[in-house]
Every structure is written in C-alpha cells, then in structure tokens.
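Let's take a walk through this structure together, starting from one helix and moving outward. Keep the 3D view open as you read.

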Amino acid sequence: MNRRVAIRNMALILGSAAVLPSCLNDKGKPVVQLKHLKIDADQETLVNNLTETILPKTDTPGAGELGINLFVFKMIDDCYDKEHQQDFIAGLGDFAAEAKKQLGKSFNECTAKERTTFVSAIDKNSKDEKYKDNTKLIAFYRMVKDQTVFGYTTSKYFMTKQIVYELVPGRYNAYFPVKKHAAV
Amino acid sequence: MANLNIDSVKDRTFDAIVIGSGMSGGWAAKEFTDKGLKTLVLERGRDVKHLKDYPTTNLYPWEFPHHGVLPDDVQKANPIVNRCYAFGEDAAHFFVKDAEHPYVQEKPFDWIRGYQTGGKSLLWARQTQRWSDFDFEGPARDGFAVDWPIRYADIAPWYSYVEKFAGISGNRDGIPELPDGEFLPAFPLNAVETFFSNHVKKTYKNRHVISARCAHLSKPNQIHLDQGRGQCQERTLCQRGCPFGGYFSANSSTIPWALKSGHCTLRPYSVVESIIYDEKKGKATGVRVIDANTKEAIEYYADVIFVNAAALNSNLILLNSTSGRFPNGLGNDSGTLGKYVAFHNYSAHINAEYDGAKEWTTDGRNPAGGGYMPRFRNVYKQETNFLRGYAAGFSAYRWQQNSSDGIGQDLKNNLVKKDLSGWHVGSHMMGETIPKETNYVALDKSLKDPFGIPQLRISVDYDDNDEKMKKDYVEQMTEMFTSAGFTNIQASTDHRAPGLDIHEMGGVRMGNDPKTSMLDKWHRLHACKNVYVTDGASMTSTSCQNPSLTYMAFTARAVDHAIGEMKKGNV
C-alpha cells in the first residue's frame with residue numbers, strides 16, 4: 001500500500017459521495033461498489049439515511065457530506081467476517097420491517113424528524129445488554145453506528161476542525177497541568 | 001570461458017560475508033566496512049531504503065483505506081502474524097505473511113518475522129537495557145544450561161561503543177543489576193509513574209521503577225547527525241519507519257553507514273541455503289544463496305562469515321549446512337545445535353486505577369512508553385520456589401472521556417468532550433525462561449519452503465518454572481499496587497504461544513566446553529573458527545532484558561576479534 005493508492009482510495013470515497021444523490025434509485029442497483037455484501041438501491045439508501053440520522057448535518061457537516069456512509073459500507077464489506085455480514089443483511093431487513101411497522105411507511109419515505117425519533121429509540125435499546133428483541137436489528141444498528149463514529153472521528157474534517165490530531169507532536173510533557181489541558 | 005569463470009569467482013569473493021541485514025547484521029556490516037574490508041551483506045527479503053521505502057510514514061489516519069484496520073481477508077489469511085500488536089494497516093508491509101515462509105509447529109509457536117533490509121529493527125519496541133553479571137552468572141549460579149564464557153567486563157566497553165552510535169536515552173540510575181550506559185536524556189516519568197517509583201523505593205529493598213531506556217534520539221549528538229538522523233519527534237508511529245531517523249534501525253543507521261563507506265555490497269532477495277565447508281582447508285569458504293526471484297543458486301566466497309539471520313533462521317542455516325565432516329549441521333560436534341531454545345514470558349498483565357494526582361496529566365506522546373522495573377526476584381539470592389525472575393513494564397495514563405452516546409447533535413457533542421478520566425496504571429511481565437534440551441528446532445525431513453530449503457520444525461513450550469513465575473508476578477504486583485493505594489486491581493494472564501514475545505533465543509549457544517556448546521567466547525563456532533554467530537541464536541540464557549542491545553554489542557566485539565584474527569593470518 002503506497003501513499004498514492006491511499007490517496008486514490010480516499011478520492012474515490014469523497015468523489016463518489018458527491019455523485020451519489022443524482023444516481024440513486026436507478027434500476028434498483030446500488031451505486032457503491034461492494035465485494036461481499038449484496039444489497040439493492042433501496043437498502044443502500046436506507047443505510048445512507050441511517051448514517052445521516054446518526055450524524056446529521058447541523059451547523060457542522062453530516063455523514064453524507066463527509067462520505068461517512070461510503071466508509072461504513074467499505075468497512076463492513078472489507079473488515080467484517082461473513083457471519084457479521086450476514087447479520088448486517090438480516091438486521092438491515094429487520095430494521096426496514098420494524099420502521100414500516102412503527103411508522104406506517106418505509107424508513108426512506110420518512111421525514112428526518114420521524115427517522116430521528118425511530119433511531120433514538122433503537123439507539124437506547126442498543127446499549128441495553130438485556131435487550132432480547134430484534135437481536136439482528138441491533139447488531140446491524142451497532143455495526144452502522146460503530147463505523148459511522150469511527151469514520152467520523154478519524155475523518156480529515158474531525159481531526160483537523162473538531163480536534164487537532166498531531167502527526168508530529170514534537171514534545172512529551174510528563175507533567176502537564178490539567179488546568180492548561182482544559183484551556184486548550 | 002575459463003577466464004570468464006575466474007572473473008566471476010573473483011566478483012563473488014569478499015573479505016567478509018554477513019548473512020542478514022537487521023539488528024545485528026547491520027552492525028557487522030558497519031564494523032567490517034569501517035575497517036575497509038570488502039563486505040557482502042545478504043538479505044533474504046526486498047531492499048527497504050531509509051525514507052524512500054516508508055510508504056505510510058506520513059499518512060494521516062484518514063489517508064488509510066480502512067483508517068488503520070486490516071481487512072478481514074488479510075487477517076484470516078495470517079492468523080500467526082495477525083497476533084502481533086504492530087501488524088496493522090500502517091505496517092503490514094514490513095511483516096512476513098504466514099504463507100510466505102511456512103514452518104512446522106510441533107507445539108504452537110508464533111514466529112514473527114520481517115524479511116527486508118533492516119529486518120525487525122524497523123519494527124522493534126526499542127527498549128534497550130544492559131545485562132549485568134547477575135545475568136551472565138545466572139546459569140552457573142543456578143545450575144541450568146551451561147556457564148556463559150563471558151562476563152560483564154568483557155562486554156561493557158562494547159555496550160558503550162554501540163550505545164554512543166545508536167543513541168540510547170535513559171537516566172543513570174545507579175542500579176547494580178541494570179548497569180548504566182552512555183545515555184542521552186531520558187524521557188521522564190509522569191506524575192503517577194513517579195509516585196509509584198517513590199513508593200516502591202520507600203517500601204521495598206532493591207526494587208526500582210525507572211524511566212524505560214530506549215533507542216530514541218532525545219537529544220542527538222554529532223555522530224547521529226552524521227548518520228543523517230535527527231531528534232525524535234515523539235510521533236510514536238515508529239513501526240512505519242521514521243522520517244526523522246529518530247529511533248535506531250539498521251535502515252536509518254548501520255546499513256546506510258556501511259554503504260557510504262564504498263566497501264559494502266548489499267544483495268537483497270538472497271536466501272542463504274547453506275554455508276560451504278571445505279574439508280581440506282578445515283574451514284568455511286563461502287555461502288550458497290538461492291536468488292528469491294530467479295530461484296537460481298549462486299555461491300559467494302569470503303574469509304570470514306557472520307551469521308545474523310535472526311535467531312531461528314541462523315539455526316536453520318547451520319542445520320542445513322551439512323558435509324562429511326559435519327553431517328548434523330555446521331559445527332555441531334556437541335549435538336546441541338537447535339537445542340536449548342528459550343524466549344521471554346509476556347503472558348501476565350495487571351491494570352488498576354489511582355485516585356490522586358488529579359492536577360496532572362501529560363501532553364504529547366512518550367516514545368519510551370513509561371517506566372521499567374528491573375528484575376528484583378532471586379537477584380542477590382535464591383528466594384522463591386522458581387528459578388530466575390522477571391522485569392516489568394509500568395505506565396500510567398489518562399484519556400479524554402469522550403463518549404459515543406446518543407445520536408445527532410448530542411452524539412457530536414459527546415465525541416468532542418474534553419473531560420479527563422482518572423489515572424489508569426498498567427504493567428506487563430517479561431519473564432526469563434530456562435533453556436532446555438527439549439525446547440528445540442530441527443529440520444523437517446520432507447517439507448520444503450518455496451526455495452527448496454527444508455522447513456523448520458519448532459518445538460518450544462512453557463514449563464512449570466514459567467507458571468510459578470507468572471503466579472509470583474501477579475502476587476508481587478498486586479501487593480505493590482495495593483500498598484501504593486491503587487484500586488480496582490485486575491490481573492490477567494493469557495495463553496499466548498511462545499514466539500509472540502519476538503525474543504526467541506538460543507540453539508547455537510555460547511559456552512566454554514565444545515562438548516556442550518556451539519560457540520566460543522568470541523562467538524565463533526568451536527569447530528569452524530571462521531564462522532561467527534552473533535544474533536539471538538548465540539544466547540546461552542535469556543535473562544529478562546530486551547535483548548537487541550546485547551546483540552549489537554556482541555556483534556561489534558566479535559567483528560573486532562575477527563579482524564584481529566584476519567590480521568594475524570589465522571583465518
């Protein structure tokens with residue numbers, strides 16, 4: 001893996017993010033290129049909408065604008081084993097069905113507000129270890145949320161605008177006053 | 001045609017051949033070429049040039065396709081090397097993949113390897129502690145292995161010699177069991193590391209927690225600048241190769257230094273099949289190499305041969321170097337070749353919390369990693385029901401308690417929280433293991449590697465002494481943590497296979513008696529005086545210090561001896 005390849009891959013992620021909205025819902029094929037996961041355009045849109053619900057555009061950029069949705073697909077396609085990928089697909093189906101049941105329409109047809117209400121409840125349940133219902137749905141949700149958070153907190157935007165990641169600190173202060181830390 | 005052949009032989013003839021370009025081979029190359037000797041360095045892997053061949057060194061996390069995580073198929077294809085902590089998306093290209101060099105595990109053994117110029121010196125944890133006579137006298141005092149043929153006084157000047165060039169940071173702590181060296185300024189202990197250090201000093205006799213000594217240029221001297229290296233910038237991304245040459249690697253230091261002399265030929269893709277022994281001359285005359293790309297066999301010749309292929313591969317080469325005189329491997333009159341292999345036991349850890357020093361945290365990153373506790377068990381006298389002892393790492397840290405709770409703006413706010421956690425402390429054991437005849441490596445009778453060389457069979461395991469020592473580490477650390485006022489103390493042990501410590505040693509051990517050892521006090525084969533082995537294979541016992549610094553000192557001393565012998569016409 002050289003630097004050029006890394007940059008090219010990054011450009012692919014960012015580039016396709018910009019193109020996405022106009023090509024969706026075309027013949028049911030997903031836009032994102034996947035090696036292992038088999039999904040259709042509706043399912044792709046659902047995941048895109050879910051990442052945007054978890055990490056919406058506010059006065060700062062959201063998942064779609066930062067290409068986090070594509071990162072989530074890339075991670076689940078490349079870095080999870082077959083078992084997790086099967087749970088992802090099954091859980092995605094359960095998520096879509098549950099949304100329809102609760103909201104009377106598909107997740108993709110919902111308003112942002114309706115999606116937020118629905119996902120908030122799932123988010124609360126996902127932290128409850130005793131939560132027995134819909135285990136695949138929760139597994140799916142956790143994968144998407146984990147990778148949304150990971151992709152966001154390791155994104156160029158987050159690491160340059162929200163925090164300052166230092167490739168070259170150039171210092172080690174063994175005694176650093178907490179007061180100064182809070183002020184940084 | 002005849003002339004062509006003569007020229008070809010001449011082109012393939014050197015004063016010295018060094019097998020391996022890593023931690024110790026790099027030193028052999030530097031020392032020979034410093035003295036003007038024409039030296040061939042054989043590297044089985046590809047060439048990795050300092051700076052030029054560190055493709056990930058300046059990448060930000062978001063510039064990696066998976067932000068640092070290795071794809072599942074890479075992890076699944078490499079169950080062995082994937083267990084190594086440094087095998088990530090930023091450094092996987094410096095590790096041998098499992099399928100590239102197969103071996104037979106009679107017992108589970110994680111053989112972690114780096115086949116390229118610089119070898120594992122690109123990837124090491126950079127901890128550098130001297131041995132003392134408490135270590136060299138260990139086998140004789142405690143009645144295991146054989147007596148080391150050298151003592152601290154033999155190696156002390158060579159420690160100084162290599163430390164000055166490599167650049168070692170540390171404090172002069174004045175501890176007899178961990179002698180001081182030629183130090184650059186230490187990376188200091190933080191508030192809680194200092195607290196624990198003071199507590200241990202006050203409460204226990206002969207126990208110390210010191211700044212870990214490491215091969216980082218905390219303040220470079222002219223000799224380091226002359227190598228083209230600069231000050232460590234506290235990146236702690238060392239496994240990618242350092243753009244500043246801030247830590248010692250063969251790539252940043254000894255190998256370019258040797259090449260600059262004009263006397264060094266570095267030949268990558270050169271897998272050494274065997275060392276050639278001439279029965280009439282009674283010595284080795286050269287090595288047989290398989291070109292890794294063409295699979296062609298080529299012979300190179302020299303007056304003296306240094307074997308620095310990394311501990312187990314040095315064993316493999318000698319085992320595969322058979323002749324009428326040495327049917328069981330070169331220099332193996334004693335029958336000990338491949339036996340008495342040992343390692344370091346890293347399989348216990350302990351973590352806790354400390355509710356104090358709340359006004360302090362740290363800023364930046366510590367390349368030394370924190371504190372180091374030299375061995376305190378069975379040092380001055382035998383005091384436990386097991387032999388020898390362990391060193392321990394010790395570090396304290398706080399982190400920003402951002403959380404990933406909630407969704408939407410709540411989540412965004414939670415992810416940038418700056419609340420600091422309390423102090424957490426952690427330690428891991430580094431235990432000495434006892435070399436035994438039953439812990440061995442041997443050649444497989446039928447299986448071959450991709451170059452037609454027999455595969456290595458590895459049969460190395462823990463024993464009862466290791467279990468007792470592990471238990472003692474947990475007990476002693478728990479007691480020290482408790483008396484220091486640490487809370488929520490959690491000890492854990494794991495069942496990692498030997499090898500994952502990446503401190504495998506022995507098989508070609510040193511000793512005074514040719515009947516029970518392979519190498520003399522100058523690291524020469526007792527029975528073939530122009531072949532030297534100065535890497536981990538030569539270790540008679542392991543003690544518990546990180547071994548690389550000792551290999552470097554051994555190598556510089558052995559080359560000095562070899563050059564002396566060459567001048568006297570003895571080789």
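What should the 15 residues of helix α6 (residues 152-166) of chain B span, at 1.5 Å a residue? The model you are looking at is predicted, and the expected span of α6(B) is 21 Å. The C-alpha atoms at the ends of the helix lie 20 Å apart, which agrees with that expectation. Just past the helix, G167(B) adopts a positive phi of about 85 degrees.

Now look at which parts of α6(B) are hidden. Its buried residues are Y152(B), I155(B), A156(B), W158(B), Y159(B), S160(B), V162(B), E163(B), F165(B) and A166(B). An α-helix has 3.6 residues a turn, so residues three or four places apart point the same way. The cover over the buried residues of α6(B) includes helices α2 (23-34), α4 (133-136), α8 (222-226), α9 (254-260) and α13 (548-567) of chain B, along with strand β4 (168-169) of that chain.

From here, step into the largest nonpolar core, which has 93 residues. The residues with the most contacts inside this core are I19(B), I275(B) and V287(B). The helix we started from, α6(B), gives the most to the core, with eight residues. A second, separate core has 37 residues, and among them are V32(A), V144(A), F158(A) and I407(B).

Where is there empty space? Rolling a probe the size of a water molecule over the atoms shows where empty space is left. The structure holds three cavities of 30 Å³ or more. The largest encloses about 80 Å³, and its lining includes H216(B), C232(B), R235(B), C238(B), C242(B) and Y247(B). By class, that lining has six nonpolar, four polar and two charged residues. The second largest cavity holds about 60 Å³. Among the residues that line this second cavity are F134(B), D135(B), Y372(B), R375(B) and C544(B), and its lining counts seven nonpolar, two polar and three charged residues.

Finally, turn to chain A, where L92(A) sits in helix α5 (residues 82-103). Is L92(A) buried or exposed? Its relative accessible area is 1%, so L92(A) is buried, as this is under the 20% cut-off. Leaving aside neighbours within four places in sequence, L92(A) is in contact with I39(A), Q43(A), V47(A), D87(A) and F140(A). If you step back 11 residues along the chain to D81(A), the C-alpha atoms of L92(A) and D81(A) are separated by 16 Å.

Conventions: Residues numbered from 1 in each chain as written. Chains lettered and ligands numbered in written order. Predicted model: local features only at pLDDT ≥ 70, side-chain atom pairs only at ≥ 80, totals over all residues. Heavy atoms only, no water. Helix = DSSP H or I, 4+ residues; strand = E, 2+ residues; numbered from the N terminus. Expected span 1.5 Å × (residues − 1). Buried < 20%, exposed > 50% of the residue type's maximum accessible area, 1.4 Å probe, protein only. Contact = heavy atoms within 4.5 Å. Core = buried A, V, L, I, M, F, W, Y, C linked by side-chain atoms within 4.5 Å. 1 Å grid on protein atoms, 1.4 Å probe; cavity = no way out; pocket = protein on both sides within 12 Å on 5 of 7 lines; lining within 4 Å. Points joined across faces, edges and corners; volume = space filled by probe spheres on them. Nonpolar A, V, L, I, M, F, W, Y, C, P; charged D, E, K, R; others polar.
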